[in-house]
Structure formats: C-alpha cells, structure tokens
Amino acid sequence: MKSILKSIHSGKEYSLDDIRFTSDDGELLDVIHDLDAIKKQHNISREYFLRKRALLNGQPTGGVWHFKEMVLPAIPDEQVVSKQEGNTRLYRNKKIASWLGLKFDRFFLKHEGENPTGSFKDRGMTAAITMAKALHQRAVTCASTGNTSASLAAFASEAELTGIVLIPKGNVAVGKISQALAYGTKTLIVNGDFDDCMRLIREAQEKLQAYPLNSINPFRIEGQKTIIWETLMQLNWQVPDWFVFPGGNLGNTSAFGKALFEAYELGLIDRMPRFAVIQAEGASPFYKAYKNNFKEIKKEKADTIATAIKIGDPVNYTKAVRSLKWTNGIVESVTDEEILEAKAHVDAAGIGAEPASCATVAGVKKLLSSGEFKPNETIVGILTGNVLKDPQVIVDYHFNRKTSLANPPHDIEASIDELKKFL
Ligand SMILES: *Cc1c(COP(=O)(O)O)cnc(C)c1O
C-alpha cells in the first residue's frame, strides 16, 4: 500500500521521497494513495470516521490526523508533527443568514481562522512539515510575508527545524511578518525580487537540504483536503449544494476537489457538491480564465485590500481547473467594497474574519442576487483567516466609514449620565 507522486496530466510517476514539486515535463504533482487498499485495510465508511476518535501522541485528534489514512498513510504516528490543527467550528448565524436572505439552518460558515496560527495554512503545514522531517531535511523555507510564513514559523518551532522566510526587499510590512518573528523563524530580506527569492529556495533545497513549503508543495494539499472531510462529517455526511471559498494561489480549490473526488471513490459521498470560487476583482486571473472557458490564464498585477488573495499568477492553476470540472464549479469576482461590506456583517455577528475570508460571504451575496444560488440550497462558506490578522482594515473602516455598521469609539466625560446615552 504505497503512495506515489504523479504528474496530473501526463501521469509520470515518482517516489514520495523524490524531493520534487513538478514532473520532468513541468506539470504539478499529486500525491496518489492506493484508495482501494486503504478502504479494505481500514474498512473505511462514514461510520468509521464518526466512531473513530484517534489518539495521536496520547491526545484525541479529530482535525487533520483524524483522516491520516487518506493524508499520509505510511507515516508512523510518532513522526507526525501536529499542533492539533483542524477541528474548527462550523457556525450558523441568524444575523448573517438574514442579511444574505438565507435560511438559518441552510447556511454554514466553517471557520478556518480558528486554527493554531489563525489560518487554514496550518492544515497543509502539519502534513508538509511532517514530510520535511520524514525526508530528513534540515530546514524549511518559503517566500511569503503572509499566513504561510506565520504557519511555517510555528510548525518549524514545533518540529525543531530551522525555519527561513525570504522576502524581497521593499515588500516588508512589519505587521505581516510579526508572527514569523515571534515564533523564532529567520526572516531574510533579500536584495532582489520575488523570482530571486524563489531561485534561492530551489537552490537551498538542492544544496542545503532546506525544504520548500510554498503553495506548490503537494503535501500541503493533502492536509488541506481535511477541511472538506471534516465539514462533511460535521454535517453527518449530508452533502451541501455549494462550497464557497476565496481563491488566491488556488491551493484550496485544488485540495477541495481532490478531497471530494477521493470521498466519492471511497463511497463516503454519493454525489458531488458544486464549488463557487471567489476572487477579488483586482486579483482575478482565475475568474477571467473561467470566463474564457479556461483557454488560457493571463498573469496580472494584483491589487486588492484582501492581501491573502492578492495573487496575479496562481501556482495551482491546472489542479484548480480540474477541481472545477469535477464539481461543475463556477468562479465569481467581488469588489473590495463588497468584501468590506460582507466583512462588516461577519465581524458584527461576533464571528469575524480577515478580508480575504469575507470574499466568501460577499460572493454568496452576489451569487444569490444573480440567481445562481437558490435560497433553499444548502451553502457552506469557508472563512480562511482570523479577524486579528488585519486590524488596520478594521480600524480604517470603523473610524472613517459612514455606514450603518460603522462603529467608531466615542469620547465621553467620566460621568454616568454620559455613559447612559449609550444604553
Ligand atoms: C492563503 C490564503 C488564501 C488563499 O488560498 P489559496 O489556497 O492560495 O487559494 C485565502 N485566505 C487566507 C486567509 C489565506 O491565508
């Protein structure tokens, strides 16, 4: 029962311990498991996962490693590097549902911002860093100032590996790298551009055994699949009509499609839900390619307030196209204004999420008003990142906007009469 790496179209095969991220012909790689053997060995069924409360290093897991058989089956339990990621809440909320015009019990928000470092990146990171250890790598690297570096930093610390984040000079926002600094990762500001950083990452892998954890790493996809399986389990394996989520580098789009394909193959579900991938208008190469029947994707200079999806050249494009074909999926784009409005509603409901996550809810709003979504359909939206990731956007909104949800602070004298006015 061996898993392999396989290029997604040409089908070239490589061993799992062959450290590579594309095939010889330049295609993305899938991790392919022997699903038939896994199903037989564990007698996999819906009940199997409902019953199971796996113990990993003495603690009940749930989360990513609840599904270890279909994530990294060959890795011994004691080699897994985990921060108990996953096990995130599936919210229902009256305020948000009524703003959208949806039924309370048909609209769910899966909050991946409630992971250990505040984004779904932890799900991919636990799997990829476990592989880094299994492959005897000395260090882990990525080029990113955002949630990937934050997650890499925390898991490198957990794994006792050196973590290195490369950032091109001139692109350093202190707020964004604060988690990487805090968790003790080496932050290197490179006198060069993003391509120079990527070149260094590749060279460091070949010459220094420093393992890349950028979006292209196929093991990250394996961990991220569990967002879908966990949601289905929370819904008692009732398949919703739609999964809605933001698209940046399209790792989630790729992972979610693979998760459903495998769930179908294993007999865990009997029909496919549909995907709606939401992009920000100023960073929407995938949306434009979709409108063009995926004839081609054009790289663009990205610009949006939703920094986590400010991507002009998504690395997982070919896998994402495949996911949309499997799920009869659609792509929509929303403006920064629509994202901010949706965010004000998500935040005011006491849930809160970072701007990129709220593209999900803005997308649901738009697809309901265009008639693509029907009010009686069951919709699951994924909130990808935590409200605390981007406080500046929140402060700017509430201090400067004149909308009904704007909630600026008030100066008062220290008297009960003044306080009373606010009750
Ligand atoms: C990384 C990230 C995204 C984009 O996800 P992709 O898998 O690259 O499409 C969206 N939201 C948040 C909060 C993220 O950190």
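In this predicted model, Lys121 places a polar side-chain atom 2.7 Å from an oxygen atom of the ligand. Asn147 also approaches a ligand oxygen with a polar side-chain atom, at 2.7 Å. For Asn249 the approach is made by a backbone N or O atom, which lies 2.8 Å from an oxygen atom of the ligand. The protein covers 95% of the 390 Å² of accessible area that the ligand has on its own.

The polar approaches to ligand oxygen atoms are listed here.

| Residue | Protein atom | Distance to a ligand oxygen |
|---|---|---|
| Lys121 | polar side-chain atom | 2.7 Å |
| Asn147 | polar side-chain atom | 2.7 Å |
| Asn249 | backbone N or O atom | 2.8 Å |

There are 15 residues around the ligand, and the nearest of them are Lys121, Asn147, Gly248, Asn249 and Thr384. Sorted by class, this shell consists of eight polar, five nonpolar and two charged residues.

A second site is Arg401, in the loop that runs between helix H15 (391-400) and helix H16 (416-420). Is Arg401 buried, partly exposed or exposed? Its relative accessibility is 28%, so Arg401 counts as partly exposed, since the buried class ends at 20% and the exposed class begins over 50%. Apart from neighbours within four places in sequence, Arg401 is in contact with Glu337, Leu340, Asp396 and Ala406. With Glu337, one of these residues, there is a polar contact between the two side chains, at 2.9 Å.

Notes
Residues are numbered from 1 along each chain as its sequence is written. This is a predicted model: local features need pLDDT of at least 70, side-chain atom pairs count only at pLDDT 80 or more; totals for chains, interfaces and linings use all residues. Side-chain values use heavy atoms; hydrogens and water are left out. A residue is near a molecule or strand if one of its heavy atoms lies within 4 Å of it. A polar contact is a pair of N or O atoms within 3.5 Å; within protein, one must be able to donate a hydrogen and the other to accept it, and residues adjacent in sequence count only if both atoms are side-chain atoms. Accessible areas come from the Shrake-Rupley method with a 1.4 Å probe; for residues, only the protein chains shown count as cover. Ala, Val, Leu, Ile, Met, Phe, Trp, Tyr, Cys and Pro count as nonpolar, Asp, Glu, Lys and Arg as charged, and the others, Gly among them, as polar. Helices (H or I, at least four residues) and strands (E, at least two) are DSSP runs, numbered from the N terminus. Buried means under 20% relative accessible area, exposed over 50%, partly exposed in between (1.4 Å probe, protein chains only). Contact means heavy atoms within 4.5 Å.
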